[in-house]
Amino acid sequence: MTGNVLNLVKNIPGNRLWLVFLRVGISSVAIIHFAALQGDFKDLFSQDSFVSPDIAEALKNHLLPSVYSISHLTSKIMGIGYHAILLTVRIVYPLALLSLLAGFLTRFSALLCLLLQLLILNSMDLYTYGADVFTTIGLFYCLVFPVGEDISVDCLLFKKPAITTHLNKFLLIFRVHVCLIYFFSGFEKLLGYTWRNGESIWKMVHAYNVLPSVDLDFLARTPLFLIAGWLVIALEMLYPLFISITKTRRLWLWLVVTFHVAIAFFMGLYFFSAIMIVFNLAAYYMPYIGKSNDEIAPELYL
Amino acid sequence: MPIEKPAGRSLPAILSLKLRKKLINAWGIFHISCIVLVCSYSIYHKYCRFYKIKEDSLVKNINANLLFNVPMLYYGKFTGTESGYGFFAPNIKSGGIIAGDCDGKKIYARFNNFETAMRFSILSSRVTDYLITSIDSADSLNTKLKERYYNLVFKNIAVKIYNQNHCKQDTLYMSYNMITYPTLHQYRRGHQGYRLQKIKEIRIVRQ
C-alpha cells in the first residue's frame with residue numbers, strides 16, 4: 001500500500017506535485033487549527049463568549065457577512081437563530097476542508113472553505129492573527145490553481161486528463177507572493193530601531209516565550225540579541241535573492257524552515273509556522289523532487 | 001517556457017489556450033502589483049505611526065483611491081492581500097493581562113487549550129494597543145466612540161471571567177494590566193523582573 005502511494009507520488013512531475021502538497025498541506029493545517037478551537041468554541045463564538053457576537057459585530061468588516069449578521073437575517077425570514085447557523089458552520093467547514101484534502105469536487109470545496117473561513121474570521125475579528133491570513137491565502141490559491149488534478153478523488157471519479165499548461169506560471173506567481181511576504185516582513189522590521197538594537201528579540205523572548213524553562217537572561221551582556229535581530233532581518237529580506245539562486249536555495253530553505261520551527265516552539269505560533277513551512281516546501285522543495293536543479297531551473301522562467 | 005499541448009487539439013481549443021494564457025498573465029501581474037502596493041503602503045503607514053510622522057496627503061490619497069475602494073477591498077479580503085505582512089514590526093506590541101479579585105484570590109480567564117489562550121492574548125494585545133493609543137491621541141469623536149466600545153468589550157470580558165470562576169462576591173474589581181519587562185538596556189543596568197502596570201480598572205456589581 002505504502003509502496004503504491006510512493007510510486008504514485010514518484011510518477012507525478014515536480015511541477016504538479018507541489019500543487020498536491022499545497023492542497024493537502026493547507027487543508028490539513030486548517031483542519032487541525034479548527035479542531036484546536038473546539039475545546040473553547042463556546043467561549044469564542046456563543047452568546048456567552050468573552051466578547052458577545054452583537055458587540056463583536058460592531059468591529060466586523062461590513063463587506064462580508066458574519067455568523068451574527070446571517071442569523072439576524074435568517075431569524076427574521078425563517079426563524080433560524082444564531083446557534084443553528086453557528087452549528088451549521090461548525091459542521092460544514094471541517095467537512096469542506098476534508099473534501100478539499102481528499103480532492104473531491106476540489107474547486108467547489110476550496111471555494112466553500114474560503115467562504116466559510118472568511119465568515120468565521122469575520123465573526124471573531126478581535127481574535128484573528130497571522131495564521132488566519134495565511135490560511136486565506138492558501139485556500140485562495142487552492143481555488144485558483146489546479147490542485148485537484150493528481151492524487152484526488154476527482155482524478156479517480158472523473159478520469160479527465162490533468163491540465164498540464166500554465167503550471168509553471170502558477171508556480172511563479174505563488175513564489176513571487178511568498179518572496180514578497182518575506183521581503184516586506186523583513187523590511188518592516190528593519191524600519192523599527194528595536195529590531196536593529198536587539199530589544200525586539202529580547203522583548204519577544206520575555207513577552208512571547210511559551211517555554212518558561214528556557215531562560216536566556218544570562219546572555220543579556222552578550223551581543224546575541226543584537227545579532228539575532230539582524231539575522232532575522234537578513235533572513236527575511238534576502239529570502240527572494242538566495243532562494244532563487246540554485247546554489248543557495250536549499251540552504252536558505254532549511255534556514256527558513258528552522259526559523260519557523262523555532263517560532264513554533266518558542267512563541268507557540270504552531271499553526272502560523274506550519275502554514276509557512278507548507279508554503280516554503282510547496283514553492284521551493286516539491287517542484288524539485290526527483291529532478292536535478294538544472295532540470296527544473298529553465299522551466300521557471302516565462 | 002514550454003507549454004505541453006495534448007495531441008489533436010482543435011483550433012478553438014488552441015485559441016482558448018491562448019486566451020487562458022493572456023488571462024493568467026494579466027491576473028498574475030495584477031495580483032502581484034496589488035501585493036506590492038498594499039505592502040508598500042502598509043510599511044509607510046506603520047512607519048509614520050511608529051515615529052509619529054504625519055502621512056503625506058498625496059500618498060494617502062493615492063492609497064484611498066487606488067486600494068481603498070469596494071472592489072479592491074473585496075479582492076484583498078478574498079485573496080489575503082488586504083494588509084501587509086509585517087507581523088511583530090516595526091515594534092513588538094506589549095501584552096496585557098486581565099485579572100480580577102474574587103473571594104480573596106486572583107482570577108483570570110480560563111481556557112481548555114493553548115490555541116484559545118493565544119487568541120485571547122491577541123484580544124488583550126488589541127485592547128492594550130487601543131488603551132495606549134487613546135492616551136496619546138487627540139480627543140476626537142472617533143476616539144470617544146472607540147473608548148466607549150472598548151469599555152463595553154472590557155466589561156463583557158470581565159463578566160465572562162466572573163461567571164467562569166463562579167464568584168460568590170456581589171462586587172468584583174477587574175483590572176487591565178500591561179506587562180512591562182525591563183528593556184535589554186535597563187536589564188544590563190541592573191533592573192530585573194517584570195511588573196504589572198494597571199492601566200484600567202472597573203467595578204462589576206451583581207444585580
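Student: Is A:Lys159 buried or exposed, and why?

Tutor: Remember first that we're looking at a predicted model. To judge a residue, count its neighbours: with 12 or fewer other C-beta atoms within 10 Å, a residue counts as exposed. A:Lys159 has 7 other C-beta atoms within 10 Å, so A:Lys159 is exposed.

Student: Where does A:Lys159 sit in chain A?

Tutor: You'll find A:Lys159 in a loop, between α9 (153-158) and α10 (167-191) of chain A. Try A:Glu149 as a reference point: A:Lys159 is ten residues from A:Glu149 in sequence, and their C-alpha atoms are 9.5 Å apart.

Student: Okay, now the other end of the scale. Which residues of helix α12 in chain A are buried?

Tutor: Let's start with the general idea. An α-helix has 3.6 residues a turn, so residues three or four places apart point the same way. Now the case here: α12 of chain A covers residues 199-207, and its buried residues are A:Glu199, A:Ser200, A:Ile201, A:Trp202, A:Lys203 and A:Val205.

Student: What do the buried residues of α12(A) pack against?

Tutor: They pack against α11 (193-196) and α13 (224-237) of chain A, together with α6 of chain B.

Student: Chain B comes in there! Which elements of chain B touch chain A?

Tutor: The contact takes 61 residues from chain B and 60 residues from chain A. On the chain B side, the elements that give two or more residues are α1 (11-50), α3 (70-79), α4 (114-136), α5 (141-164) and α6 (184-188). Helix α1(B) gives the most, with 14 residues. By class, that side of chain B has 38 nonpolar, 13 polar and ten charged residues.

Student: How many helices and strands does chain B have?

Tutor: Six helices and four strands. Follow the sequence and you get α-α-α-β-β-α-α-β-α-β. Of the 207 residues in chain B, 19% count as buried.

Student: What order do the strands of chain B take in the sheet?

Tutor: The general point is that strands of a sheet pair through backbone hydrogen bonds, either parallel or antiparallel. Here the four strands of chain B make an open sheet in the order β2-β1-β3-β4, and the pairing is antiparallel. The edge strands are β2 (105-107) and β4 (195-205) of chain B, each pairing on one side only. From one strand to the next, the twist averages 30°.

Student: How many bridges join β1(B) to β2(B)?

Tutor: Three bridges join β1 (residues 96-102) of chain B to β2(B), and the two strands run antiparallel. If you want a pair to look for, B:Asp101 has B:Lys106 in β2(B) as its bridge partner.

Note on methods
Residues are numbered from 1 along each chain as its sequence is written. Chains are lettered from A and ligands numbered from 1 in the order in which they are written. This is a predicted model: local features need pLDDT of at least 70, side-chain atom pairs count only at pLDDT 80 or more; totals for chains, interfaces and linings use all residues. Two strands pair if DSSP finds at least two bridges between them. Axes are lines fitted to C-alpha atoms, for helices over the stretch in contact, and angles run from 0 to 180 degrees between N-to-C directions. A residue is buried if 20 or more other C-beta atoms lie within 10 Å of its own, exposed if 12 or fewer, and partly exposed in between; C-beta atoms are placed from the backbone. Two residues are in contact if their C-beta atoms, placed from the backbone, lie within 7 Å. Ala, Val, Leu, Ile, Met, Phe, Trp, Tyr, Cys and Pro count as nonpolar, Asp, Glu, Lys and Arg as charged, and the others, Gly among them, as polar.
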